[in-house]
Amino acid sequence: MTNREIRTLPLKYADIYPSAPLLNSDAMERQSAAGLMSVRYFQAEPDRMPEEVFEEHHVLLNLQTEEHRVQNWRDGKLRDFVFRKDEVIVTPAGVRSGWQWHGPSDVIVITLDPAKVERFAQAELGMLLDPQQFKDLPQFSDADLCAAGVILRDALASNDMSSAVMFEAMSRVLLVKMLQKFGKRRAEDVELSARFTSRHYQRVLSYIQSRLDQTITVDELAAEAGMSSSHFARVFKETLGSTPMQYVMAYRIEQAMKMMENEQRPLGDIALACGFSDQAHFTRSFKQVVGMTPRAYRRSNPV
């Protein structure tokens, strides 16, 4: 490796992109799957980026509806191709890469920490990753992966969708879909989890949001996703890392925290609005999840 390559390894993709991101997830408080990645959304006129080597994996999700010519220099080899909507390009860490695009770009760029992704894949999904696999599939079409990226982008753009619970869940959906392309797993396991798509998640989330003040069951969520209850519960946990009811509870508690920012709103009213049977039920559940009662939380987090 040359001295120049050693110096360029610490670079991050966003350091040299010719325009600032319109949206950026780095400002969000994150953990778990969301903590492994950064989500940036770019729109740029025809331009070029010099050849550099980066310390992170980069995943480009193309949202541009108009096909346009792109040139990509990859470890000294030129790829000259037409970039189409819903195509995904992966540039692994350590690969020297440069770009020139000949039409307006509209892309989501996901950056992934290689070591953290490898640990996540092994601990959470039982996958073993081979770095060569990222290099063997530089470009492919995946509308569902792009749809997951769009949901993450919209979460950054909309206050109504900027839920940390939702952002974490959708990050897991995207990461699992990505690792399915590269991780070594039994074929039947990949097929099982592949059946839960970002569109399934959108329908389930919308159902939870619209019925937050009501009782929600696994059977209802499964019906919304068009699956049997047992299969839905299995693929939901496989993809999102929690059971459907754990997710619903976390979402209820998070929404309650937001409502508690209004110091004039009674806790009993918040409890009912978030689907708890009464204030006592709300207090017990809140303490189990947060570690303190709603009243103590409100006192410790004054507006």
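## Val-88 and its surroundings

Leaving out residues up to four places away in sequence, Val-88 touches Val-59, Leu-60, Leu-61, Pro-138, Gln-139, Phe-140, Asp-142, Leu-145 and Cys-146. The model described here is a predicted one, and in it Val-88 belongs to strand β7, which covers residues 87–91. With a relative accessibility of 0%, Val-88 counts as buried. Ile-108 lies 20 residues from Val-88 along the chain, and the C-alpha atoms of the two are separated by 9.8 Å.

## His-57 in strand β4

His-57 is found in strand β4, residues 57–62, and is buried, its relative accessible area being 10%. The side chain of His-57 reaches the backbone nitrogen of Ala-93 at a distance of 3.0 Å. Ala-93 also appears among the residues in contact with His-57 once neighbours within four places in sequence are set aside; the others are Thr-91, Pro-92, Ile-110, Thr-111, Leu-112 and Pro-114.

## Strand β5 and its two partners

Strand β5, residues 68–74, is mostly covered, with 6 of its 7 residues buried. Strand β6, residues 77–83, pairs with β5 in the antiparallel sense over 7 bridges, and within this pairing Arg-69 stands opposite Val-82 of β6. The two strands form a hairpin with 2 residues between them, and in that turn Asp-75 has a positive phi of about 50°.

Strand β5 is also joined to strand β8, residues 96–101, by 5 bridges, and these two strands run antiparallel. Here the bridge partner of Val-70 is Trp-101 in β8. In a regular strand, side chains alternate between the two faces of the sheet.

## Pro-46 and the segment from Trp-101

Trp-101 also figures in the surroundings of Pro-46, a residue placed in the loop between β2 (37–44) and β3 (47–53). Pro-46 and Trp-101 are 55 residues apart in sequence, yet their C-alpha atoms are 5.5 Å apart in space. Not counting residues up to four places away in sequence, Pro-46 touches Trp-101, His-102, Gly-103 and Pro-104. At 42% relative accessibility, Pro-46 counts as partly exposed.

## Salt bridges

The count of salt bridges in the model comes to 6. One of them is formed by Asp-144 and Arg-199, whose closest N and O atoms are 3.8 Å apart. Asp-144 lies in helix α6 (residues 143–157) and Arg-199 in helix α9 (residues 198–210), so this pair ties together parts that are 55 residues apart in sequence. Asp-144 is buried, with a relative accessible area of 13%, whereas Arg-199, at 42%, is partly exposed.

Arg-153 and Asp-154 likewise meet through their side chains in a salt bridge, with an N to O distance of 3.1 Å. In this pair Arg-153 is buried at a relative accessible area of 18%, while Asp-154 is partly exposed at 33%. A further salt bridge is found between the side chains of Arg-265 and Asp-269, at 2.6 Å from N to O; Arg-265 is partly exposed, with a relative accessible area of 26%, and Asp-269 is also classed as partly exposed, at 36%.

## Helix α12

Helix α12 comprises 16 residues, 244–259, which at 1.5 Å a residue should span 22 Å; the C-alpha atoms at its ends are 23 Å apart, which agrees with that expectation. The buried residues of α12 are Pro-244, Tyr-247, Val-248, Tyr-251, Arg-252, Ile-253, Glu-254, Gln-255, Ala-256 and Met-259. An α-helix has 3.6 residues a turn, so residues three or four places apart point the same way.

## Arg-298, a buried arginine without a salt bridge

Arg-298 lies in helix α15, residues 294–300. Arg-298 is buried yet has no salt bridge, and the nearest side chain of opposite charge, that of Glu-263, is 6.4 Å away. Since a salt bridge requires a side-chain nitrogen of Lys or Arg within 4 Å of a carboxyl oxygen of Asp or Glu, the distance of 6.4 Å to Glu-263 does not qualify.

A polar atom of the Arg-298 side chain does, however, lie 3.3 Å from the backbone oxygen of Met-260. With neighbours within four places in sequence left aside, Arg-298 is in contact with Met-259, Met-260, Asn-262, Glu-263, Arg-265, Leu-267 and Ile-270. Two of these residues have been mentioned above: Met-259 is among the buried residues of α12, and Arg-265 is the salt-bridge partner of Asp-269.

Definitions and conventions:
Residues are numbered from 1 along each chain as its sequence is written. This is a predicted model: local features need pLDDT of at least 70, side-chain atom pairs count only at pLDDT 80 or more; totals for chains, interfaces and linings use all residues. Side-chain values use heavy atoms; hydrogens and water are left out. Helices (H or I, at least four residues) and strands (E, at least two) are DSSP runs, numbered from the N terminus. The expected span of a helix is 1.5 Å times one less than its number of residues. Buried means under 20% relative accessible area, exposed over 50%, partly exposed in between (1.4 Å probe, protein chains only). Two strands pair if DSSP finds at least two bridges between them. Lys and Arg count as positive and Asp and Glu as negative; His and the chain ends are not counted. A polar contact is a pair of N or O atoms within 3.5 Å; within protein, one must be able to donate a hydrogen and the other to accept it, and residues adjacent in sequence count only if both atoms are side-chain atoms. Contact means heavy atoms within 4.5 Å.
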